[in-house]
Amino acid sequence: QANGFFGARMKTAGYDALVLEGRSEEPVYLSIGPQGTHLNPAAFLVGKGIFDTERLLRACHGEKGFERRISVAAIGPAGENGVRFAAIGSDGGHMVASGGLGAVMGSKNLKAVVVEGGGPVPVHPQSIQGLKAAVRKWRDEASASGLGKTIHEKGTLGLFMPYHEKGWVPVKNLTTNQLSDEALAQLDWSYIRNELYEKVPKSCHACTFNHCHTVRIRRGPYKGVIGEEPEYEI
């Protein structure tokens, strides 16, 4: 579960789930779209990181930049080499980072999955109004909740300080759950968002919470670099 666009693209391509069995003899990536489903050679992607892999595959499939027409889920060198905590990354920074699923993809010699989906999602005519009502209810409830308000205003970074106060933050390889006042000041959401970078709010697919940001670093060795806002997740 990584939010972003991958699940929506897969659904509008006509799939609810993928089951991948066995191992390819050579590195491959899976493409799903209007032209069908294909396993494609991926030797040219071996050794490349998640972001470079996504950029190259978007270009290969006719997308300039991040037009959001397609979605790419990929692994980097860690997944290729079976690192047990390797992640899968998609959509410029959405990470499946629990359970070492990047290593599972690597064990299958599967470098990436590219999905192009633009078709309709069929809903029974008698269910449309009920579905719309349920969506409005879920949206309003989420927006009114304490968690929803925090995520909308501060992003997942806003969870860090409350979690630290409760003793939930693993520090120094779980040897303690407390950080120094100096470290806390540099990890507070207001400092990170207001001092370290310029931001452009953006959301995941069909989401009313613009908690993900594209950011430009303001100072330091990475000044001027554009990327995805760091998030806090446990």
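In the predicted model, helix α2 is followed by Gly62, a residue whose phi is positive, near 80°. The helix itself spans residues 50–60, and its buried residues are Ile50, Thr53, Glu54, Leu57 and Arg58. Seen down the axis of α2, these buried residues fall within an arc of 130°, so they line one face of the helix. On the other side of α2, by contrast, Phe51 and Ala59 are exposed. The packing partners of the buried residues of α2 are strands, namely β1 (28–33), β3 (70–74), β4 (88–90), β5 (94–96) and β6 (110–116).

A further buried position was examined in strand β2, which comprises residues 36–41 and contains Asn40. The relative accessible area of Asn40 is 19%, and because the cut-off for a buried residue is under 20%, Asn40 is classed as buried. Its side chain is joined to that of Ser31 by a polar contact of 2.9 Å. When residues up to four places away in sequence are not counted, Asn40 touches Pro27, Val28, Tyr29 and Leu30 in addition to Ser31.

Pockets were then considered. The largest pocket has a volume of about 790 Å³, and of the 28 residues that line this pocket, Gln1, Ala2, Asn3, His211 and Glu233 are the closest to its centre. Helix α1 (6–12), strand β5 and helix α6 (146–154) each supply at least two residues of the lining of the largest pocket, with the largest share, three residues, coming from β5. Divided by class, the lining of the largest pocket consists of 14 nonpolar, ten polar and four charged residues.

The second largest pocket holds about 440 Å³ of space, and among the 21 residues that line the second largest pocket, those closest to its centre are Phe6, Ala73, Ile88, Met105 and Val113. At least two residues of the lining of the second largest pocket are supplied by each of α1, β4, β5, α4 (101–107) and β6. By class, the lining of the second largest pocket divides into 14 nonpolar residues, six polar residues and one charged residue.

Strand β5 thus recurs in these descriptions, as a packing partner of the buried residues of α2, as a contributor to the lining of the largest pocket and as a contributor to the lining of the second largest pocket.

Technical notes. Residues are numbered from 1 along each chain as its sequence is written. This is a predicted model: local features need pLDDT of at least 70, side-chain atom pairs count only at pLDDT 80 or more; totals for chains, interfaces and linings use all residues. Side-chain values use heavy atoms; hydrogens and water are left out. Helices (H or I, at least four residues) and strands (E, at least two) are DSSP runs, numbered from the N terminus. Buried means under 20% relative accessible area, exposed over 50%, partly exposed in between (1.4 Å probe, protein chains only). A polar contact is a pair of N or O atoms within 3.5 Å; within protein, one must be able to donate a hydrogen and the other to accept it, and residues adjacent in sequence count only if both atoms are side-chain atoms. Contact means heavy atoms within 4.5 Å. The arc is that of the directions from the helix axis to the C-beta atoms. On a 1 Å grid over the protein atoms alone, a cavity is a set of points where a 1.4 Å probe fits but cannot get out, and a pocket is an open set with protein on both sides within 12 Å along at least five of seven lines; lining residues have an atom within 4 Å of a point. Grid points are joined across faces, edges and corners, and a volume is the space filled by probe spheres set on the points. Ala, Val, Leu, Ile, Met, Phe, Trp, Tyr, Cys and Pro count as nonpolar, Asp, Glu, Lys and Arg as charged, and the others, Gly among them, as polar.
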